[in-house]
Amino acid sequence: MGRAFVYVILGGGVAAGYAALEFARRGISHGELCIISEESVAPYERPALSKGFLLPEAPARLPSFHTCVGANDERLTPKWYREHGIELVLGTSVKSADVRRKTLFIATGETISYKFLIIATGARALKLEEFGVSGSDAENVCYLRNLADATRLVNVMQSCSGGNAIVIGGGYIGMECAAALVTNKIKVTMVFPEKHCMARLFTPKIAEFYENYYKSKGVRFVKGTVLSSFENDSAGKVTAVILRDGARLPADMVVVGIGIRANTSLFEGQLQLEKGGIKVNGQMQTSNNSVYAVGDVAAFPVKLFGNDIRRLEHVDSARKTARHAVAAIMAPDKTGDLNYLPFFYSRVFTLSWQFYGDNVGEVIHYGDFSSGRFGAYWLVKGQIIGAFLEGGNREDYEAIAKAVRLKLKVKDVAELERQGIDFAVRESQKAISEGGLVVEKPTYAWHATAGVAVAVSIAAFAYWYGWRRRRW
């Protein structure tokens, strides 16, 4: 038994929702598009899971954060898909794929064929067992990647109020979950092997600010070591974690955030892979011209970096690569190569930062770290190729984005440090005026401004993250 569609999206995360909206706006007919997802719900804004979903009061819940509210766009509920004739095949995994025959074989025994396939399989959370540590199946050990994980995490948090949580990992998930745990009145210890938090992005100076802020909230940091084993009670529940250096940390719950791995296994040996993902061109097209890949699973050329192939693990990339792939499928002659500006952001407590570009080269810090309004530029051959800012407003964030896209030249490093954000604001406006350039505004530049304004209370956080269709 089988069904045939013109377009199939494999995966039901953020990218799938944005691709579906783009297809609908480009006028596909009813019955032409199918989305296949292992999750049992329609695509949603995944960043909500580490933010508004974990709040103890008025938390964000579906349907409030279905895509595409993260870009201040339509909210695509299951009803929306029905009204647009888009088939949702939910709670179903694909067992194998044959790209030569343009066929997917799903767990129910059905085959689904396509003319064009968009791979939006995303990534999975790395498990402790992959690093030789067993026991992460205990009832109070949590990961966070999907809605089921988030629901389980909430239930465990609710049973641990006033207890001790150990967060394994100092990256995005670790930092955001630690903040949520504190908000839920749980004592937090963070454990990671690096010298400082967010080591892939933050400089030591930037990391020091955030670590000190977290410490002011009661968070303890244990750095330079890793988890080696668990202690469990007679029921199998974790009661302590044992570190490689021999330290023992009592635990009522454990949250693990040690990275992700792109879901490429269905296409290994069939499509070209690179940087841990599926390699695509500037149209998001794979080595098979009927197959496209988007989001976390896609490794694509970044024009800003001389078309260096990058696999970017962030929601902004998922949204924009999804839309671009659909444009390339529907209007190939009118769609150029994607010109993406790498963008990352986070919001924790009352803090909010944004980063654009690449964090290589000479680093110039600026601003007042004591007041929480500061930033950094990364320079290569006298040009700005990366910029970070904490505590800015909309104009500030747009300015650093433009500064990176324009690769503004810096003649005097000392003057750049002195001027800080004012350099980006003034010089980007000047360059655009003189060159007649039109630079795309960062779609989510106002996030941080809104975040600082509303983060004064838990209720305001919840409003921000979902109840009124605000952005993620």
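Is E74 buried, partly exposed or exposed, judged by its relative accessibility? In this predicted model, the relative accessibility of E74 is 31%, so the residue counts as partly exposed. The side chain of E74 takes part in a salt bridge with R25, in which the closest N and O atoms are 3.4 Å apart. Because E74 is located in the loop between strand 3 (33-36) and helix 2 (78-83), whereas R25 belongs to helix 1 (residues 14-25), this contact ties together parts that are 49 residues apart in sequence. R25 is likewise assigned as partly exposed, with a relative accessibility of 47%. Both residues also belong to a network of salt bridges that links R25, D73, E74 and R323.

In total, 27 salt bridges were identified. Among them are two pairs within helices. In the first pair, the side chains of E83 and K79 meet at an N to O distance of 3.8 Å. E83 and K79 both lie in helix 2 and are separated by 4 residues, about one turn of the helix. E83 has a relative accessibility of 47% and therefore counts as partly exposed. In the second pair, R394 forms a salt bridge with E398, and the closest N and O atoms are 3.1 Å apart. Helix 7 (residues 394-405) contains both R394 and E398, again 4 residues apart and thus about one turn of the helix. The two partners fall into separate accessibility classes: R394 is partly exposed at 46%, whereas E398 is buried at 9%.

Aromatic contacts were examined next, and the structure holds 27 aromatic pairs. For F192 and F221, the ring centres lie 6.2 Å apart and the planes meet at 75 degrees; since an angle over 60 degrees defines the class, the pair is edge-to-face. This contact links distant parts of the chain, with F192 in strand 12 (residues 187-192) and F221 in strand 13 (residues 220-223), 29 residues apart. F192 is buried at a relative accessibility of 1%, and F221 is also buried, with a relative accessible area of 13%. A further edge-to-face pair is formed by F355 and W378, with a centre to centre distance of 5.4 Å and 85 degrees between the planes. F355 lies in strand 25 (residues 351-357) and W378 in strand 27 (residues 373-380), so the pair ties together parts that are 23 residues apart in sequence. Both F355 and W378 are buried.

One aromatic cluster comprises Y172, F202, F209, Y210, W353, F369, F374 and F388. The ring of F369 additionally has K205 over its face, at 4.5 Å from the ring centre. A corresponding arrangement involves Y143, where K127 lies over the face of the ring at 3.9 Å from its centre.

Regarding strand pairing, an open sheet is formed by 3 strands in the order 14-15-16, with antiparallel pairing. Strand 14 (227-232) and strand 16 (248-250) stand at the edges; because each has a single partner strand, one side of each is left without a neighbour in the sheet. Neighbouring strands of this sheet are turned against each other by 25 degrees on average, direction ignored. The antiparallel pairing of strand 14 with strand 15 (residues 238-243) extends over 5 bridges. Within this region, N232 has V238 in strand 15 as its bridge partner.

How values were computed: Residues are numbered from 1 along each chain as its sequence is written. This is a predicted model: local features need pLDDT of at least 70, side-chain atom pairs count only at pLDDT 80 or more; totals for chains, interfaces and linings use all residues. Side-chain values use heavy atoms; hydrogens and water are left out. Rings of Phe, Tyr and Trp (its six-membered ring) pair if their centres lie within 6.5 Å; planes under 30 degrees apart count as stacked, over 60 as edge-to-face and the rest as tilted. Buried means under 20% relative accessible area, exposed over 50%, partly exposed in between (1.4 Å probe, protein chains only). A charge sits over a ring if NZ of Lys or CZ of Arg is within 6 Å of the ring centre and within 35 degrees of the ring normal. Two strands pair if DSSP finds at least two bridges between them. Axes are lines fitted to C-alpha atoms, for helices over the stretch in contact, and angles run from 0 to 180 degrees between N-to-C directions. A salt bridge is a side-chain nitrogen of Lys or Arg within 4 Å of a carboxyl oxygen of Asp or Glu.
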